[in-house]
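Colleague: Could you take a close look at the aromatic pairs for me and walk me through what surrounds them?

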Amino acid sequence: MRYIINGLPAFLLGPAGYNEYWVFDSGIVGDALDTLGRREDANGYIDYLLLHQQEDGRVQALTQPWKETGIALVTINRHAYMIQDTNWLRQYWPQVRLAAGAI
């Protein structure tokens, strides 16, 4: 399901009770959006993912600090690979480095 949250596209899959776990699906959703040529949604989805980045670099949408930062980095990496846009990656590079440092 596509939602607009804070002006950005968010994709929450499955039953509503599992919506909190959307970050675990981010890589698959990002790949699907890129494959379908929906770059604006894919870019916005990365922005939505990074809304959950903490000051120390962690990406944490859940209440428990699990493995979301690693999943976020994989999602961003796959999107950058799919779109082959180095300017886009440069724009996000400070956040990527911060997240990698948090791990």
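**Aromatic pairs and their surroundings**

Modeller: Sure. There are two aromatic pairs in this structure, and keep in mind that the model is predicted. Phe 11 and Tyr 45 make up an edge-to-face pair, with 5.4 Å from centre to centre and 85° between the planes. That contact ties together distant parts of the chain: Phe 11 belongs to strand β2 (residues 8-11) and Tyr 45 to helix α2 (residues 39-50), 34 residues apart. As for burial, Phe 11 has a relative accessible area of 9%, and Tyr 45 has 1%. Both values fall under 20%, so the two residues count as buried.

The other pair is Trp 88 with Tyr 92, and this one is tilted, at 4.5 Å centre to centre and 35° between the planes. Here both partners sit in helix α4 (residues 86-102), four residues apart, or about one turn of the helix. Trp 88 and Tyr 92 are both buried too.

Now back to β2, where Phe 11 lives. Side chains in a regular strand alternate between the two faces of the sheet. In β2, Pro 9 and Phe 11 point one way while Leu 8 and Ala 10 point the other way, and all are buried. The neighbour of β2 is strand β1 (residues 2-5): the two run antiparallel, joined by four bridges. Across from Leu 8 in β2 you'll find Ile 5. The hairpin of β1 and β2 has two residues between the strands, and Asn 6 takes a positive phi near 55° there.

Technical notes: Residues are numbered from 1 along each chain as its sequence is written. This is a predicted model: local features need pLDDT of at least 70, side-chain atom pairs count only at pLDDT 80 or more; totals for chains, interfaces and linings use all residues. Side-chain values use heavy atoms; hydrogens and water are left out. Rings of Phe, Tyr and Trp (its six-membered ring) pair if their centres lie within 6.5 Å; planes under 30 degrees apart count as stacked, over 60 as edge-to-face and the rest as tilted. Buried means under 20% relative accessible area, exposed over 50%, partly exposed in between (1.4 Å probe, protein chains only). Two strands pair if DSSP finds at least two bridges between them.
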